[in-house]
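Let's take a friendly walk through this protein model, from its interior to its pockets. Have the sequence and the 3D view open as you read.

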Amino acid sequence: MASLPAVYIVSVARTPVGSFLGSLSSLSATQLGAHAIKAAVERVPQIKPEDVEEVFFGNVLSANLGQAPARQCAINAGLSNSVVATTVNKVCASGMKAIILGAQTIITGNASIVVAGGTESMSNTPHYLPSLRTGTKYGDGTIVDGVQKDGLRDAYGKQELMGMAAELCSQDHGFSREAQDEYAIQTYQRAQAATEAGVFQSEIAPIQVTGGRGKPSVTVDRDEEAKNLNVEKLKTVRPVFIPNGGTVTAANAAPINDGAAAVVLVSEAKLKELGIKPLAKIRGWGDAAREPERFTIAPSLAIPKAIKHAGLTEKDIDYYEINEAFSVVALANMKLLNLEADKVNVFGGSVAIGHPLGCSGARIVTTLTTVLREKKGKIGVAGICNGGGGASALVIENLQ
């Protein structure tokens, strides 16, 4: 895309990632999203809330949030009533696709300042009563878990949970339970080290939550899951999806989480006009898809497309963020792309940090800006798979 107008990332912000029914569960997805947007805009003093022209925001589990979640996030973040807002649902890739759409909007000249990202509160996703509207005439009724139905279950074929696709991936590519456990331990240790070193402080916007029952409010400023590593327990916990002989466990898979992330995108003309120092330049992107049950390795198709779109080769890439829906997802894509482990998820990944579905694509882009700054890298790629067989990838150039 060298011949196309340039798009810059001038700010990033994210909430800490909360555990399922954990520290952020008192806040809805739209409240989390509003917090991330407000923080991201405030980090660029040259941009006022009313200057933002459009918002693209990912959200997967939208039931009971009310109309137009992205619009709610924008308005509640203090943006103007004239801001255009679109909610994006590309399952786990929603937040990244929102950033791609934001970049495309600027490139086509429809806006010069766009906020993009994603949000999810898996804790607050309701259960459904499918037969309530018409009534259950005879026999037992069914309660459907919205998290599973709309977030974690394949919509095709046997309609199995995503973990069965992870098991298929481990069989296809020869990754044992032990290999997945070792990867999970490594990603927890990397996330713990990064947290203790304070490298996430620049991206996390601390958030206040109720203390409950008359207690004072509590400020959450760290990802909740990373501290929970127990190596011995991780190695002995039972497989979830194939009880006898399975390799995927709750401990070597991403947990269920709450969180939001936002980035502010601007055109080159607006960057110069306002005198903003950018964090990164968007160099290219790519989307890919294959059969639904093998969505786990779709990033191995999207990432090369994104690199080619950027006019680069794999030799130009310094660091990668590959979303860890499961440990085996990172392992398989690293194998297929022939990537070195010390260039992938160097500050830990979603197995340790967490995976709030609609947020994660934006969260890994946010973290990639941190990785490139801290590691003094130039070019980074973020890739994320999504249910239904797809993946999205984004290439950025560090300007910090």
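Which residues does I9 touch, not counting residues up to four places away in sequence?

## The nonpolar cores

This is a predicted model, and I9 is a good place to start exploring it. Leaving out residues up to four places away in sequence, I9 touches V263, V264, L265, P278, L279, A280, I282, V365 and I396.

I9 also belongs to the largest nonpolar core, which has 61 residues. Together with I99, L265, I282 and L394, I9 is among the members that touch the most other members of this core. The largest share of the core comes from helix 12 (residues 357-375), which supplies eight residues. There is also a second, separate core of 37 residues, and A302, A325, V329 and A391 are included in it.

## A closer look at C73

Now for a cysteine you may want to find in the viewer. C73 sits in helix 2 (residues 69-76). Is C73 buried or exposed? Its relative accessible area is 0%, and the cut-off for buried is under 20%, so C73 counts as buried.

What surrounds C73? Setting aside neighbours within four places in sequence, C73 is in contact with A29, T30, G33, A34, I37, F57 and T119. One of these contacts, F57, lies 16 residues from C73 in sequence, and the two C-alpha atoms are 8.3 Å apart in space.

## The largest pocket

Next come the pockets. Rolling a probe the size of a water molecule over the atoms reveals where empty space remains.

The largest pocket holds about 660 Å³ of space. Its lining is made up of 31 residues, and those nearest the centre are L152, F241, A254, P255 and I256. Helix 4 (146-152) and helix 5 (162-173) are the elements that give two or more residues to this lining. Helix 4 makes the largest contribution, with four residues.

What is the chemical make-up of this lining? In the largest pocket, 19 lining residues are nonpolar, ten are polar and two are charged.

## The second largest pocket

The second largest pocket has a volume of about 260 Å³. It is lined by 14 residues, with E314, K315, Y320, L337 and L339 closest to its centre. Here helix 9 (residues 299-309) gives the largest share of the lining, four residues.

How do the lining residues of the second largest pocket divide by type? Seven are nonpolar, two are polar and five are charged.

How values were computed. Residues are numbered from 1 along each chain as its sequence is written. This is a predicted model: local features need pLDDT of at least 70, side-chain atom pairs count only at pLDDT 80 or more; totals for chains, interfaces and linings use all residues. Side-chain values use heavy atoms; hydrogens and water are left out. A nonpolar core is a set of buried Ala, Val, Leu, Ile, Met, Phe, Trp, Tyr and Cys residues joined through side-chain atoms within 4.5 Å. Buried means under 20% relative accessible area, exposed over 50%, partly exposed in between (1.4 Å probe, protein chains only). Contact means heavy atoms within 4.5 Å. On a 1 Å grid over the protein atoms alone, a cavity is a set of points where a 1.4 Å probe fits but cannot get out, and a pocket is an open set with protein on both sides within 12 Å along at least five of seven lines; lining residues have an atom within 4 Å of a point. Grid points are joined across faces, edges and corners, and a volume is the space filled by probe spheres set on the points. Ala, Val, Leu, Ile, Met, Phe, Trp, Tyr, Cys and Pro count as nonpolar, Asp, Glu, Lys and Arg as charged, and the others, Gly among them, as polar.
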